[in-house]
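Reader: I am new to this structure and would like to learn how its features are read, one at a time. Could you take me through them slowly, with the general idea before each case?

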Amino acid sequence: MAPLTPADSEKHQQLLDRLDIAHVHRPFRNPHWKPSQRRNKNVKQLISESSRKEASVMATQTNSGASTPLPATTSASTEGSQTPAEGGSRTNIAQAAQNLSTLVLEKNARAAFSGPTVTYTNIESAPSLNPSQQTRYCDITGLPAPYTDPKTRLRYHDKEVFSVVRTLGQGVPESYLELRAAHVVLK
C-alpha cells in the first residue's frame, strides 16, 4: 500500500469526524416524554385509605337491617322457614328485604367466626407446607443442612459434621432420626 499524502490524510480525518457518533447531540430524555398522571401513594396513605374503607364497610353493616329491630307484632324468623311477603303489600316486601339482609349478614357472620381467615397479612395463618419452602436443618448442629448422609439418612451442615456423623456409634443415628420423626421401624 502506498503511503498517504497529506491531502489524503486530511480527507481521511474529515471522513472520520463526519462518521464519529460521539459528537452527535443526543438528549438525555425523549423530547416527547411527559410524566405520568398517576400519583404514587406512600405506605401511610395506603393504610389510612384501607382503614377508611373498612370503617365504611362496618358502618354500612351496622346501619343495615341486622341492627334494626323487627316489629314485635310480626313473628319473622331468620331461619328461612317462613316468608314474610305472603300478602302482596309494600310493607311485606320491605320486611322481606329486611329479613333477607339479616339472613345474609348472619350467614356472613357465621362464616367469619368459623375460624381465622387466611389473608396475605393475617398472622394467624398456618405455615407453608410446600416442600420447596421448608428449610432442612442439621441433626447435629441445627444449622441449615444442604447434605444428607445416604448411609444413616442424617442431615449434616458441612464435612466436619459429616466426619462426626460417620463416627457415631450403633443406634445413635436412629435416635437422631427419632427426634426428627423420620425414624422407620421395620418389623
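Author: Let us begin with exposure, since several later steps rest on it: a residue counts as buried when its relative accessible area is under 20%, as exposed when that area is over 50%, and as partly exposed in between. Please keep in mind throughout that this is a predicted model.

Reader: With those cut-offs in hand, is Arg153 buried, partly exposed or exposed?

Author: The relative accessible area of Arg153 is 40%, and because this value falls between the two cut-offs, Arg153 is partly exposed. Arg153 sits in the loop that joins strand E1 (147-148) to strand E2 (155-156).

Reader: What can be read from the phi angle of Arg153?

Author: The general idea is that most residues other than glycine have a negative phi. In the present case, phi of Arg153 is near 65°, which is a positive value in a residue other than glycine. Ala181 can be read in the same manner, for its phi is also near 65° and positive. Ala181 belongs to the segment after H5, and because its relative accessibility is 72%, above the cut-off of 50%, it counts as exposed.

Reader: Before going further into single residues, how should I read the chain as a whole, and which pattern does it follow along the sequence?

Author: A useful start is to list the elements in order and then to ask how much of the chain is covered. The protein chain has five helices and two strands, arranged along the sequence as α-α-α-β-β-α-α. Of its 187 residues, 11% count as buried, and the accessible surface comes to about 16400 Å², with 58% of it belonging to carbon and sulfur atoms. Among contacts with a separation of 6 or more, 27% are between residues 24 or more positions apart.

Reader: Which residues does UniProt list for a domain?

Author: An unreviewed UniProt entry lists residues 136-165 as "domain: Vps72/YL1 C-terminal". Over that stretch the chain is 23% helix and 13% strand, and the C-alpha atoms at its two ends are 16 Å apart.

Reader: Turning to buried residues, how is Leu154 placed, and which residues is it in contact with?

Author: For a buried residue, it helps to take its place in the chain, its accessibility and its contacts in turn. Leu154 is found in the loop between E1 and E2, and because its relative accessibility is 0%, under the cut-off of 20%, it counts as buried. Leaving aside neighbours within four places in sequence, the contacts of Leu154 include Asp139, Tyr147, Val165, Leu168, Tyr176 and Leu177. The C-alpha atoms of Leu154 and Leu177 are separated by 6.9 Å, although the two residues are 23 residues apart along the chain.

Reader: And where does Leu177 lie?

Author: Leu177 lies in helix H5, and at 2% relative accessibility it counts as buried. Beyond its neighbours within four places in sequence, Leu177 is in contact with Thr152, Arg153, Leu154, Ala182 and His183. The C-alpha atoms of Leu177 and Asp139, which are 38 residues apart along the chain, are separated by 8.0 Å.

Reader: How is the largest pocket read, and which element gives the most to its lining?

Author: One can take the space first, and then the residues around it. About 210 Å³ of space lies in the largest pocket, and its lining includes Arg153, Leu177, Val165, Leu168 and His183. Helix H4 (159-166) and helix H5 (172-179) are the elements that give two or more residues to this lining, and H5 gives the most, with three residues. By type, the lining residues divide into five nonpolar, three polar and four charged.

Terms used
Residues numbered from 1 in each chain as written. Predicted model: local features only at pLDDT ≥ 70, side-chain atom pairs only at ≥ 80, totals over all residues. Heavy atoms only, no water. Helix = DSSP H or I, 4+ residues; strand = E, 2+ residues; numbered from the N terminus. Buried < 20%, exposed > 50% of the residue type's maximum accessible area, 1.4 Å probe, protein only. Contact = heavy atoms within 4.5 Å. Areas by Shrake-Rupley, 256 points an atom, 1.4 Å probe, with all protein chains shown as cover. UniProt positions renumbered as here; feature names shortened; annotations may be inferred. 1 Å grid on protein atoms, 1.4 Å probe; cavity = no way out; pocket = protein on both sides within 12 Å on 5 of 7 lines; lining within 4 Å. Points joined across faces, edges and corners; volume = space filled by probe spheres on them. Nonpolar A, V, L, I, M, F, W, Y, C, P; charged D, E, K, R; others polar.
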